[in-house]
Amino acid sequence: MKRISLFFICITVLLTGCSTTKQMTSVDLTPAEQRDQLLQLNQWHLKGKIAIMQAGEKPVPLDMNWQQNDANFDLTFTRFIKTVLEVKQTEQAATLVDNEGKKYQADNAQQLIYDITSWRLPMKQMRQWIKGIPKNSQYELNQDGYVSQFTSILPQGTWDISITDYMQVQQYMLPKAITMTSQDIKLKVLVYEWHLVQ
């Protein structure tokens, strides 16, 4: 799983350099109204790319398909259309299937991902961060009034989140380019598609 072609390393470099300042289009909601509504919006689906960069390891660039339904989610990482990892979380348990088709189960998806891959992905918090919601955190705004960066302190460590680009989805402006950094790990996300269930 950890062998990566030169092609994918190049993709990671491109993701790493992604920082655009795009003029926003007008939306129906003010940024403050949007944050309040998005906090309650917990049914959505996104497609994009993620680069997982951990100290001492080669970057891992993957395609990402994430479907969230309240506290439950189905998250699939693929490479060249082949599934690398599929993780499902329900109220009862978490299930992970690796690239060899082996299935693992545990109570918590975050711990399960770490046990199998060594990736530290704060899944519970990421479902808000990826919408641009700085829950229980101080934050900074860009010139258009949308969240540009914030810091979240978790029991496992401090995370710095930076949002450098947005895209309009229905009446919302949602993050398109996001970087999440904590100690020896950096996650860079580039979203291609957002689908919201209201």
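**A guided look at the core, the sheet and two loop residues**

Guide: The largest nonpolar core has 50 residues, and those with the most contacts inside it are Met64, Trp66, Phe77, Trp119, Ile130, Met180 and Trp194. This is a predicted model, in which local features need pLDDT of at least 70 and side-chain atom pairs count only at pLDDT 80 or more, while totals for chains, interfaces and linings use all residues. Residues are numbered from 1 along each chain as its sequence is written, and side-chain values use heavy atoms, with hydrogens and water left out.

Visitor: What makes a set of residues a nonpolar core?

Guide: The set must consist of buried Ala, Val, Leu, Ile, Met, Phe, Trp, Tyr and Cys residues joined through side-chain atoms within 4.5 Å, where buried means under 20% relative accessible area (1.4 Å probe, protein chains only). Buried residues make up 46% of the 198 residues in the protein chain.

Visitor: Which residues does Trp194 touch?

Guide: Taking contact as heavy atoms within 4.5 Å, and not counting residues up to four places away in sequence, Trp194 touches Trp44, His45, Leu46, Ile130, Lys131, Met167, Val169, Leu174 and Pro175. Leu46 also has Trp194 as its bridge partner in E11.

Visitor: Why are strand E6 and strand E7 said to stand at the edges?

Guide: Strands are DSSP runs of E with at least two residues, helices runs of H or I with at least four, both numbered from the N terminus, and two strands pair if DSSP finds at least two bridges between them. The open sheet has eleven strands in the order E6-E5-E4-E3-E2-E1-E11-E10-E9-E8-E7, with antiparallel pairing. Strand E6 (103-106) and strand E7 (139-141) each have a single partner strand, so one side of each is left without a neighbour in the sheet.

Visitor: How do you know that E1 and E11 pair?

Guide: Strand E1 (residues 43-54) and strand E11 (residues 185-196) are joined in the antiparallel sense over eleven bridges, and the definition asks for at least two, so they count as a pair.

Visitor: Why is Phe80 called exposed and Asp70 partly exposed?

Guide: Exposed means over 50% relative accessible area, and partly exposed lies between that and the buried limit. Phe80, in the loop between E3 and E4, has 59% and is therefore exposed, whereas Asp70, in the loop between strand E2 (60-69) and E3, has 41% and is therefore partly exposed. Phi is positive in Phe80, at about 55°, and in Asp70, near 60°.
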